[in-house]
Amino acid sequence: MPQNQIFDLLLRNARLRGGQTLQDIAVRQGRIAAIGPALTATAVVEEDAGGRLVLPGLVDTHIHLDKSCLLCRCRDAGGGLKGAIAAVSRLKRDFTIEDVYERGARTLERAITQGTMHMRTHVELDPLVGLRSFEAMKRLKRDYAFAIDLSICVFPQEGMTHDPAVERLLTQALAEGADLLGGCPYTDADPSLHMERIFALAVAHDVDLDFHLDFDLDPSWSHLEEICRRTMAAGWQGRVAVGHATKLAAIDDAALGRVIALLADAGVGVTALPATDLYLNGRDANHRAPRGVAPVHRLAEGGVAVSVATNNVLNPFTPFGDGSLMRMGNLYANLMHLGPESFGDCLDMISNGAARLMRITDYGIAVGGQADLIVLDADDEADAFGGIAAPLMGFKRGRKSFVRPAATLLM
Ligand SMILES: [Zn+2]
């Protein structure tokens with residue numbers, strides 16, 4: 001590095017994953033320009049991480065901002081997946097752009113201050129809500145770009161093939177700024193035609209795909225094999241992900257091994273959504289209730305792109321949530337019996353691995369990468385993950401985008 005350069009940001013004494021020596025991170029024009037111990041350099045803004053763990057901004061691959069924060073409107077959703085879909089369906093016709101924006105902003109701000117810097121939000125499109133939620137998402141994407149890269153995935157939550165208006169809305173949204181397309185074959189009267197049309201739209205608009213899939217614990221049928229087959233037929237390997245896939249929690253090791261090989265071959269990624277999957281699955285068991293969460297760490301061992309994500313926040317699908325991916329990763333590890341030896345792998349599911357699933361190419365703390373950095377209130381990776389450490393501050397493209405001061409005891 002040339003001596004005495006002036007950088008935009010110098011973050012001193014950062015502890016990086018797997019490293020013993022504290023490092024300084026220098027940033028210019030939104031990108032990491034240099035990393036090294038005790039850099040001889042000056043910067044417009046200089047911060048001291050004080051030996052704390054510094055991670056790249058976290059990646060939430062699957063959330064529903066449009067229907068978050070609805071608890072006050074429907075405290076009794078009737079329980080279960082069908083009850084939750086019906087409850088939101090009743091409310092959706094009254095959604096306005098301002099209403100969706102206000103609730104989405106509340107959840108987005110919480111996620112930002114929990115260290116999330118990339119997010120894929122699913123957005124429902126259908127004749128009930130039209131393009132109003134989509135319009136709100138476009139405004140959120142623009143207004144919060146200083147802190148987070150928001151990717152908008154439009155999808156038909158309540159089916160598609162029964163009404164040609166649904167496909168027209170999806171087509172319009174893809175022409176007007178949607179980043180990618182989702183599908184939900186299990187709510188469609190004709191799941192196979194649903195998948196066929198969604199793939200055709202993705203190819204026509206050259207966008208990635210992210211399906212809601214196999215969201216129950218009945219192993220007697222599955223749409224996963226058809227998704228993999230269609231992915232390969234379309235040449236969309238590496239561009240397709242599925243969320244839930246909870247049936248994978250209900251099959252034995254031999255069957256799981258076959259699915260892992262299929263997913264790896266087809267380049268299809270899988271996202272586990274522990275908060276929702278735990279809350280909605282296994283409700284018919286009155287004892288020894290199953291966990292009902294896809295064992296994505298097993299899939300990762302087989303080379304599949306995987307992530308753990310938030311899904312729903314404070315609504316009938318999941319009446320919990322604060323947008324913290326550290327908490328979600330911690331929940332996943334806890335319910336899968338994963339200890340400190342696996343914490344690094346679990347951390348990957350909300351960072352590097354999640355970035356791979358979303359095809360974010362310049363992710364990570366490396367020279368040349370986008371300078372998205374969070375400073376966690378912990379000086380050790382295992383302590384940070386096990387203890388759900390909060391971020392103290394974050395830098396989006398090298399600019400300080402939030403602070404979250406640690407609690408102070410007044411003795
Ligand atoms: Zn979802």
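## Salt bridges and a zinc site

A salt bridge joins the side chains of D362 and R31, with 2.8 Å from N to O. This pair links distant parts of the chain, since D362 sits in the loop between α12 (352-357) and β14 (373-376) while R31 belongs to strand β3 (residues 31-36), 331 residues apart. As you look at the structure, please keep in mind that this is a predicted model. D362 is partly exposed, with a relative accessible area of 24%, and R31 counts as partly exposed at 34%.

### More charged pairs

Side chains of opposite charge can pair when their charged atoms come close. Here the count comes to 29 salt bridges, taking a side-chain nitrogen of Lys or Arg within 4 Å of a carboxyl oxygen of Asp or Glu as the rule. Three of them are set out below.

| Salt bridge | N to O distance |
|---|---|
| D362 and R31 | 2.8 Å |
| R73 and D99 | 2.6 Å |
| K396 and D149 | 3.0 Å |

What does the salt bridge between R73 and D99 tie together? R73 lies in the loop between β6 and α1 and D99 in helix α2 (residues 97-113), so the pair connects parts that are 26 residues apart in sequence. R73 is partly exposed, at 38% relative accessibility, whereas D99 is buried, with a relative accessible area of 14%.

The salt bridge between K396 and D149 brings two strands into the picture: K396 is in β15 (residues 391-396) and D149 is in β8 (residues 149-155), so this pair ties together parts that are 247 residues apart in sequence. Is K396 buried or exposed? K396 is buried, with a relative accessible area of 2%. Its partner D149 counts as partly exposed, at 24% relative accessibility.

Beyond these pairs, a network of salt bridges links K67, K92, E124, D126 and E158.

### The zinc ion

Which protein atoms act as donors to the zinc ion? They are NE2 of H62, NE2 of H64, NE2 of H212 and OD1 of N311, and they lie 2.1 to 2.3 Å from the zinc ion. Along the chain, these donors follow the spacing H-x1-H-x147-H-x98-N. H64 is found in the loop between β6 (58-63) and α1 (80-92), and N311 in the loop between β13 (306-308) and α10 (325-335), so this pair ties together parts that are 247 residues apart in sequence. Both H64 and N311 are buried.

What is the geometry of the zinc site? The angles among the 4 donor atoms run from 84 to 176°, and the site is irregular. Four donors would count as tetrahedral if all angles lay between 85 and 135 degrees, and the range of 84 to 176° goes beyond those limits, so the tetrahedral label does not apply here. Water is not among the atoms, so the site may look incomplete.

### A nonpolar patch and a recorded domain

On the surface, I6, V44 and V45 make a nonpolar patch of about 300 Å². V45 is placed in strand β4 (residues 42-48) and is partly exposed, with a relative accessible area of 38%.

Finally, an unreviewed UniProt entry lists residues 107-379 as "domain: Amidohydrolase". In the model, this span is 40% helix and 15% strand, and its end C-alpha atoms lie 28 Å apart.

Key
Residues numbered from 1 in each chain as written. Predicted model: local features only at pLDDT ≥ 70, side-chain atom pairs only at ≥ 80, totals over all residues. Heavy atoms only, no water. Donors = N, O, S within 2.8 Å, 3.2 Å for Na, K, Ca; no water. Tetrahedral: all angles 85-135°; square planar, octahedral: opposite > 155°, others 65-115°. Helix = DSSP H or I, 4+ residues; strand = E, 2+ residues; numbered from the N terminus. Buried < 20%, exposed > 50% of the residue type's maximum accessible area, 1.4 Å probe, protein only. Patch = residues over 30% accessible without salt bridge, like charges linked within 9 Å, V, L, I, M, F, W, Y side chains within 5 Å. Areas by Shrake-Rupley, 256 points an atom, 1.4 Å probe, with all protein chains shown as cover. UniProt positions renumbered as here; feature names shortened; annotations may be inferred.
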